[in-house]
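User: I would like to go through this protein step by step. Please keep the answers short and show the reasoning.

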Amino acid sequence: MPQSKKPRLQATKAPRESVRILITGGRIQRRIQEIAKQIRKDFPDEPLHLVSVLKGGVFFLTDLARSISGEVSFDFIAVSSYGQNTHSSGQVRLTRDLDSSVEGKTVIVVEDILDTGMTLQYLLRLFEQRKPKHLRVAVLLDKPERRIADVRADYVGFSIPNEFVVGYGLDYAERYRNLRYVGILTLGSDTKKGAAEK
Ligand code: PRP
């Protein structure tokens, strides 16, 4: 969940929690097709190894993997931040390692969102030590305003404003991941303040 900007709390009307569509499912799918073509164009003859970061990157990985022509394999890794609600502390740690070695492989790290960049910075350092042939990054969403770490993605689906977004893998307290679209979350006025700050 991190994305540390809190969801907006509605104080007046519209007491119910709501999600306003920011990027439709159709736009997401069309953009993924474009990114898939670009990746294959950049590496025309290479087997590609996609590595997704649990859990938010899962839908992007599965759609991207099925859209890239030729040989594609994938694996998963999981990280978490030390007792923080955001990654701005920079204390990212590995909670689940890859199943297979990335040495000598053309690796594409697949993330749902690039926010502060602390997660990606950690992962890039980790993977670089493991000597892949090439190391690239694909993110569906990029929030450049929030960047702390000096990292960038090679393939970006959409650059978005600093809003708390959910859907297409992104959650609020583990909810909304299954939406086909990406939307901006607004909390209802009856939502407990503590929940908004989780
Ligand atoms: C999200 C997202 C990225 C990370 C990006 O994961 O999937 O991995 O935050 O944030 P950063 O650029 O500020 O480091 P989250 O910790 O929410 O876990 P989840 O994927 O399981 O929801």
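The questions below go from the whole chain to one strand, then to the ligand and one loop residue.

User: How many helices and strands does the protein have?
Analyst: The model is a predicted one. From the N terminus on, its elements run β-β-α-β-α-β-β-β-α-β-β-β-β-α. In total, the secondary structure comes to four helices and 10 strands.

User: What share of the residues in the protein is buried?
Analyst: A residue counts as buried when its relative accessible area is under 20%. The protein has 198 residues, and the share of them that is buried is 48%.

User: What share of the contacts with a separation of 6 or more is between residues 24 or more positions apart?

Analyst: The contacts considered are those in the protein with a separation of 6 or more. Of these, the share from residues 24 or more positions apart is 70%.

User: Is strand S10 largely enclosed or largely open, and why?
Analyst: Strand S10 covers residues 182–187. Buried means under 20% relative accessible area, and six of the six residues of S10 are buried. The rest of the structure therefore surrounds the strand, and S10 is largely enclosed.

User: Which strands pair with S10 in the antiparallel sense?
Analyst: Strand S1 (residues 8–9) pairs with S10 over two bridges, but in the parallel sense. Strand S9 (residues 165–166) runs antiparallel to S10 and is joined to it by two bridges. Strand S2 (residues 18–23) also pairs with S10 in the antiparallel sense, over five bridges. The antiparallel partners here are S9 and S2.

User: Which residue in S10 stands opposite Arg20?
Analyst: Each of the pairing strands can be followed residue by residue. Leu9 has Leu187 as its bridge partner in S10, and Val166 stands opposite Gly183. For Arg20, the residue opposite in S10 is Ile184.

User: Which element gives the most residues to the shell around the ligand?
Analyst: The shell has 16 residues, and those that come nearest are Met1, Asp112, Thr116, Gly117 and Thr119. Strand S6 (106–114) and helix H3 (118–129) each supply at least two residues of the shell. With three residues, the element that gives the most is S6.

User: How many residues of the shell around the ligand are charged?
Analyst: The shell residues divide into three classes. Five are nonpolar and five are polar. The number of charged residues is six.

User: What part of the ligand's exposed area does the protein bury?
Analyst: Several side chains place polar atoms by oxygen atoms of the ligand: the distance is 2.5 Å for Thr119, 3.3 Å for Asp171 and 2.9 Å for Arg177. Taken alone, the ligand exposes 500 Å². Of that area, the protein buries 90%.

User: Is Lys131 buried or exposed, and why?
Analyst: Lys131 is found in the loop between H3 and strand S7 (134–142). A residue counts as exposed when its relative accessible area is over 50%. The relative accessible area of Lys131 is 56%, so this residue is exposed.

User: How far apart in space are Lys131 and Gly104, C-alpha to C-alpha?
Analyst: Leaving aside its neighbours within four places in sequence, Lys131 is in contact with Val102, Glu103 and Gly104. Lys131 and Gly104 are 27 residues apart in sequence. In space, the distance between their C-alpha atoms is 6.3 Å.

Note on methods
Residues numbered from 1 in each chain as written. Predicted model: local features only at pLDDT ≥ 70, side-chain atom pairs only at ≥ 80, totals over all residues. Heavy atoms only, no water. Buried < 20%, exposed > 50% of the residue type's maximum accessible area, 1.4 Å probe, protein only. Pairing = 2+ DSSP bridges. Near = heavy atom within 4 Å. Polar contact = N/O pair within 3.5 Å; in protein donor to acceptor, adjacent residues only side chain to side chain. Areas by Shrake-Rupley, 256 points an atom, 1.4 Å probe, with all protein chains shown as cover. Nonpolar A, V, L, I, M, F, W, Y, C, P; charged D, E, K, R; others polar. Contact = heavy atoms within 4.5 Å.
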